[in-house]
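Work through the exercises below with the sequence and the model open. Try each task before you read its solution.

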Amino acid sequence: MPVRVISVVVFLVVVCGSLMIRFRDQSLIDPAKERGSATDISDIPKPATGAALPKAVVIGESLYDFGATVHGSKGEHTFKIRNDGNAPLELVARKQDHSCQCTLGSLGTNGLKPGEETTVTLSWEIKNPSTHFHHFAKVRTNDPDKSGQEISFRVRGLVVKRLSVRPGNEISIGSISENKPVVKTLTLVSELADSFQIQSVVASMPAITTISRPLSAEEIEKLNVPDRAADAREGRMPPEEMAKAGGPPASPPHDHAGHQHEDDDQKEFMSKRALVKSGYEVTVTLPTILVVGRFRETVTIQTDLEAQPIIVSFGGTRIGPVQILGTPGSGWNATSSLLHLGRFLAKDGKKAKLLIFVNKASEDLKIVSSQATPAAIKFQLIKDEKFNGVGREKFDLIVEVPAGTDPIAVGDQNPGSLVLETNHPDAEKIKLDLDFTSY
């Protein structure tokens, strides 16, 4: 190889090596430090020295307790700082030193002059579903006094519920009796309003009846008797009492450096609980003529407190005068009134046979109308003429996904069902939920 070519190759290798080293060195630079990260303390004012010194004084309280509010609400509070010293007071509110938005008021070119004052505004929005709200902001100063170099401002309060239903919005009934209505009592309460009005109560079927009445002062007082287990679960007691009550320890508030503020005032705040201020008792009676099979009925309550109504659902299973049994391989679950057809080829389709036993009425059982989801589902109801049960009739119910139906997945995410309306006076509707995947 010519000497000139060798020289060129050596030069290129050296240059490329230098560039690689340069790029590697650049990659070791911490970008966070170049931007001024949380570990960068260069923007913290240095304590003033000399005969003339600044003095940071908080005008009023450094803690603002807003009382009670609801999730989703926003707020802000303004604190004041004055310079009672005889030299300019520097103030810095770094982003990494507060847990909510913090804004400093106007400062002079060289800081706050002696005798001048400015503001510190904390703004917040309550997003998390906790019962206690607590945020802070730390302002750094050049006041050489140890307590003045770092001033903490705090906002806190209770997060209450404008409206809630006890025991909850989803009520499980289980299996209900054929001959006895189900009566459930709800308590609709507010931890915010001293009073409210129920404007309407509408049930999903006319046969469901409701009765509402306001709670008395004595009943409200009973609702506010402390429940230690519930308080522990929701963090409404001092940390040292949590373990005794069987709940997790409440986390004390932390500033950015991780310092804990475990003073008596904070412990008292953590022990506070939202109290019921007003409420109604709502009695709901579900009749015996509910759909045979798995049912879900609702009661919608409209009040003058919220534009959106409160919806309470009641779910369960009714056997009634109809008993449905599966045949081998049918995939029938009587407890949940679910017909599980499994996975199968769409081109082949799938059939399942169920046995239906019905208490005799004045007429033989007939299907008046039906509704299938998906619509391709077919069925046949065939009476067993040879059955001689006393006071009962027997039918074969054939449920079919016809061959050649488009592939589909039916289940929790895409509910399927077969609802049969009958001429039976005690079984006006028979509902079967469906679960299958065709491909």
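## Exercise 1: A sheet and its edges

Strand S7 (residues 132-141) runs antiparallel to S4, and two bridges join them. This is a predicted model: local features need pLDDT of at least 70, side-chain atom pairs count only at pLDDT 80 or more, and totals for chains, interfaces and linings use all residues. Residues are numbered from 1 along each chain as its sequence is written, and side-chain values use heavy atoms, with hydrogens and water left out.

Task: Find the order of the strands in the open sheet that holds S4, and name its edge strands.

Solution.
- Step 1. Fix the terms. Strands (E, at least two residues) and helices (H or I, at least four) are DSSP runs, numbered from the N terminus. Two strands pair if DSSP finds at least two bridges between them.
- Step 2. Recall the general point. Strands of a sheet pair through backbone hydrogen bonds, either parallel or antiparallel.
- Step 3. Read the order. Four strands form the open sheet, as S2-S8-S7-S4, with mixed pairing.
- Step 4. Look for strands that pair on one side only. These edge strands are S2 (63-70) and S4 (91-92).
- Step 5. Check one position. Leucine 91 stands opposite threonine 141 in S7.

## Exercise 2: Salt bridges

Task: Describe the salt bridge between lysine 138 and glutamate 150, and say whether each residue is buried or partly exposed.

Solution.
- Step 1. Apply the rule. A salt bridge is a side-chain nitrogen of Lys or Arg within 4 Å of a carboxyl oxygen of Asp or Glu. The count comes to 19 salt bridges.
- Step 2. Take the distance. Lysine 138 and glutamate 150 meet at 3.8 Å, N to O.
- Step 3. Place the pair. Lysine 138 is in strand S7 and glutamate 150 is in strand S8 (residues 150-160), 12 residues apart.
- Step 4. Use the burial scale: buried means under 20% relative accessible area, exposed over 50%, partly exposed in between (1.4 Å probe, protein chains only). Lysine 138 has 2%, so it is buried. Glutamate 150 has 32%, so it is partly exposed.
- Step 5. Widen the view. Arg94, Asp97, Lys138, Arg140 and Glu150 are linked in a network of salt bridges.

Task: Do the same for lysine 383 and glutamate 393.

Solution.
- Step 1. The closest N and O atoms of lysine 383 and glutamate 393 are 3.3 Å apart.
- Step 2. Lysine 383 lies in strand S22 and glutamate 393 in strand S23, 10 residues apart.
- Step 3. Lysine 383 is partly exposed because its relative accessibility is 28%. Glutamate 393 is buried, at 6%.

## Exercise 3: The cores

Task: Which residues have the most contacts inside the largest nonpolar core, and which strands each supply at least two residues of this core?

Solution.
- Step 1. Define the core: a set of buried Ala, Val, Leu, Ile, Met, Phe, Trp, Tyr and Cys residues joined through side-chain atoms within 4.5 Å.
- Step 2. Find its centre of contacts. The core has 25 residues, and Val322, Ile324 and Leu339 have the most contacts inside it.
- Step 3. List the strands. S17 (322-326), S19 (338-344), S20 (350-359), S23 (392-401), S25 (416-422) and S26 (429-438) each supply at least two residues.
- Step 4. Follow leucine 339. A contact means heavy atoms within 4.5 Å. Beyond four places in sequence, the contacts of leucine 339 include Trp332, Leu354, Val399 and Leu434.
- Step 5. Note another core, apart from the largest one. This other core has 24 residues, among them Ile176, Tyr280, Val282 and Phe314.

## Exercise 4: Backbone details

Task: Where are the cis peptide bonds before proline 167 and proline 374?

Solution.
- Step 1. The bond from arginine 166 to proline 167 is cis, with omega near 15°. Proline 167 lies in the loop between S9 (164-166) and S10 (170-176).
- Step 2. Threonine 373 and proline 374 are also joined by a cis bond, with omega about 5°. Proline 374 lies in the loop between S21 (367-373) and S22 (378-383).

## Exercise 5: Confidence

Task: Which elements have the lowest and the highest mean pLDDT?

Solution.
- Step 1. pLDDT is the predictor's confidence in each residue, from 0 to 100. The mean for the protein is 82.
- Step 2. Helix H2 (residues 31-35) has the lowest mean, 30, and strand S13 (residues 209-214) the highest, 97.
- Step 3. Over residues 8-41 pLDDT stays under 50.
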